[in-house]
Amino acid sequence: MDRKARIAHLAGPNATIQNTPPLVTSNKARAKHNLPLLTHPDGALAQFDVLRPQRLAAPVTVYVEQFSAHPLEADAAELYGPPDGYIDSAGRVHKERQSASDKPVYEVEMRPEDGLYPLPYMALQANGGAWRRNVHSPTHPKKRLGRASFPTVRAASRRSTGCRSARTAWET
């Protein structure tokens, strides 16, 4: 049997696996709950939210604008099949174009069983505040931080493999 090397980046005082950025409440959630929006160091409003892999709770249909996946797609429009429909200026979907301003769209049904989708992180703290890069205050002790990393390798290896040391867990 060929043994493949397994690699983990271990760092920090508890040798935690460092493979996920901190959970930071998105500007979509902040705006929804009238919280201060994220800004760049120069004070400019953050234009895009960081997307986190999350599972849908229910099926949803989304409409993706045709030729929006790459800036040069429209240049080769003759190579593409027709869109699934058109969205008018009021946001209604039609099978046929109703006016020249209608946007051609693809219809996508996303379901929970499809797995994780990259979505804005919408969670808030229990006190109604936004999660911000695992910063805590005296009123928010460390134990209440949002999870940005996984359990220590030693703890994870004991649970998953029954091994006594992290080294043994990663070598097996």
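1. A good place to start is N34, which sits in the loop between α1 (27-32) and β3 (51-55). The backbone there is worth a look: phi of N34 is near 55°, a positive value in a residue other than glycine. Is N34 buried or exposed? With a relative accessible area of 71%, N34 is exposed, because the cut-off for that class is over 50%.

2. Before going further, please keep in mind that this is a predicted model. The protein chain has a mean pLDDT of 80, and 68% of its residues reach 70 or more. Over residues 156-172 the pLDDT is below 50, and this stretch has 23 contacts in the model beyond near neighbours in sequence. I would read those contacts with the low pLDDT of residues 156-172 in mind.

3. Now for the overall layout. Three helices and eight strands make up the list of elements in the protein chain. Walking along the sequence, you meet them in the pattern β-β-α-β-β-β-β-β-β-α-α. Of the 172 residues in the protein chain, 23% are buried. If you take the contacts between residues at least 6 apart in sequence, 56% of them join residues at least 24 apart.

4. F67 is another residue with an unusual label to check: its phi is positive, at about 65°, although F67 is not a glycine. You will find F67 in the loop between β4 (60-65) and β5. F67 has a relative accessible area of 22% and is partly exposed.

5. Which residues form the aromatic pair? A search of the whole structure finds one such pair. The ring centres of F67 and Y80 are 5.2 Å apart and the planes stand at 80°, so the pair is edge-to-face. Both F67 and Y80 lie in the loop between β4 and β5, so the pair ties together parts that are 13 residues apart in sequence. Y80 counts as partly exposed, at 36% relative accessibility.

6. Strand β4 itself deserves a stop at V62, which is placed in that strand. V62 has a relative accessible area of 26%, which means partly exposed. What does V62 touch, leaving aside its neighbours within four places in sequence? The contacts of V62 are with Y106, E107, V108 and M110. For one of these, E107, the sequence separation from V62 is 45 residues, while the C-alpha atoms of V62 and E107 are separated by 6.0 Å.

7. Moving on along the chain, R92 lies in the loop between β5 (85-87) and β6 (93-94). Not counting residues up to four places away in sequence, R92 touches Y86 and I87. Both of these contact partners can be found within the 85-87 range of β5. The C-alpha atoms of R92 and D102 are separated by 9.6 Å, and the two residues are 10 apart along the chain.

8. Finally, have a look at the second largest pocket, which holds about 290 Å³ of space. How many residues line the second largest pocket? There are 16 of them, and V24, L38, F48, V50 and R133 lie nearest the centre of the pocket. By residue class, the lining divides into nine nonpolar, four polar and three charged residues.

Conventions: Residues numbered from 1 in each chain as written. Predicted model: local features only at pLDDT ≥ 70, side-chain atom pairs only at ≥ 80, totals over all residues. Heavy atoms only, no water. pLDDT = per-residue confidence, 0-100. Contact = heavy atoms within 4.5 Å. Helix = DSSP H or I, 4+ residues; strand = E, 2+ residues; numbered from the N terminus. 1 Å grid on protein atoms, 1.4 Å probe; cavity = no way out; pocket = protein on both sides within 12 Å on 5 of 7 lines; lining within 4 Å. Points joined across faces, edges and corners; volume = space filled by probe spheres on them. Nonpolar A, V, L, I, M, F, W, Y, C, P; charged D, E, K, R; others polar. Buried < 20%, exposed > 50% of the residue type's maximum accessible area, 1.4 Å probe, protein only. Phe/Tyr/Trp six-rings, centres within 6.5 Å; stacked < 30°, edge-to-face > 60°.
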